[in-house]
Amino acid sequence: MKLLEALNKQRVVVIYPGRLQPMGAHHYAAYKHLVAKFGTANVYVATSNVIGPKSPFSFAEKKKIINVAGVPSSKIVKVKDPYKEHGYIYIIPHISLKVKGREMSGTSIRAALGNKGLKTPEKRKLFKQIFGHDKKDIYKLVVDKLTR
């Protein structure tokens, strides 16, 4: 059975999985796309509590970042492994996040905001371009974590 066929027969629960280290405005745009397609009640963001060199943020920190972006807390779930082997796959259209004409990835976001040589005003501007907001507590959380 195809996913779109299932929409007419039963409730579809949509899991948007990922490391989300950190979640930027492009991730939130992808979430909004899923909500528009499947409904707020059916869409969840799933991420783990794994911390490592490419995953500096804990689940609690990611949940705070994701919530401020606009995802309700009740729709953010902690999982052991966000990448599942079973289920339907829905491909979200690519949502580009370009800063200064450069496509940003999680790695380049972490490198840019963790750059100790970048002055605060420029880093705050960069943060707003990446996250789509300039909430001071989230800025501090992200930048402090990435510049350790």
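The following paragraphs describe the aromatic ring contacts of this structure.

The model is predicted, and local features require pLDDT of at least 70, side-chain atom pairs count only at pLDDT 80 or more, and totals for chains, interfaces and linings use all residues. Residues are numbered from 1 along each chain as its sequence is written, and side-chain values use heavy atoms, with hydrogens and water left out.

A search of the whole structure yields 4 aromatic pairs, where rings of Phe, Tyr and Trp (its six-membered ring) pair if their centres lie within 6.5 Å, planes under 30 degrees apart being stacked, over 60 edge-to-face and the rest tilted. Among them, Y28 and Y31 form a stacked pair because their ring centres are 6.0 Å apart and their planes lie at 25 degrees. Both residues belong to helix α2 (residues 25-38), where a spacing of 3 residues separates them by about one helical turn; helices are DSSP runs of H or I with at least four residues, and strands are runs of E with at least two, numbered from the N terminus. Y28 is partly exposed at 22% relative accessibility, whereas Y31 is buried at 3% (buried means under 20% relative accessible area, exposed over 50%, partly exposed in between, with a 1.4 Å probe and protein chains only).

The rings of F38 and Y90 have centres 5.2 Å apart and planes at 90 degrees, so this pair is edge-to-face. It links distant parts of the chain, 52 residues apart: F38 lies in helix α2, and Y90 in the loop between β3 (76-78) and β4 (98-99). F38 is buried, at 7% relative accessible area, while Y90 is partly exposed, at 28%.

Elsewhere, ring pairs join F127, F131 and Y139 into a cluster.
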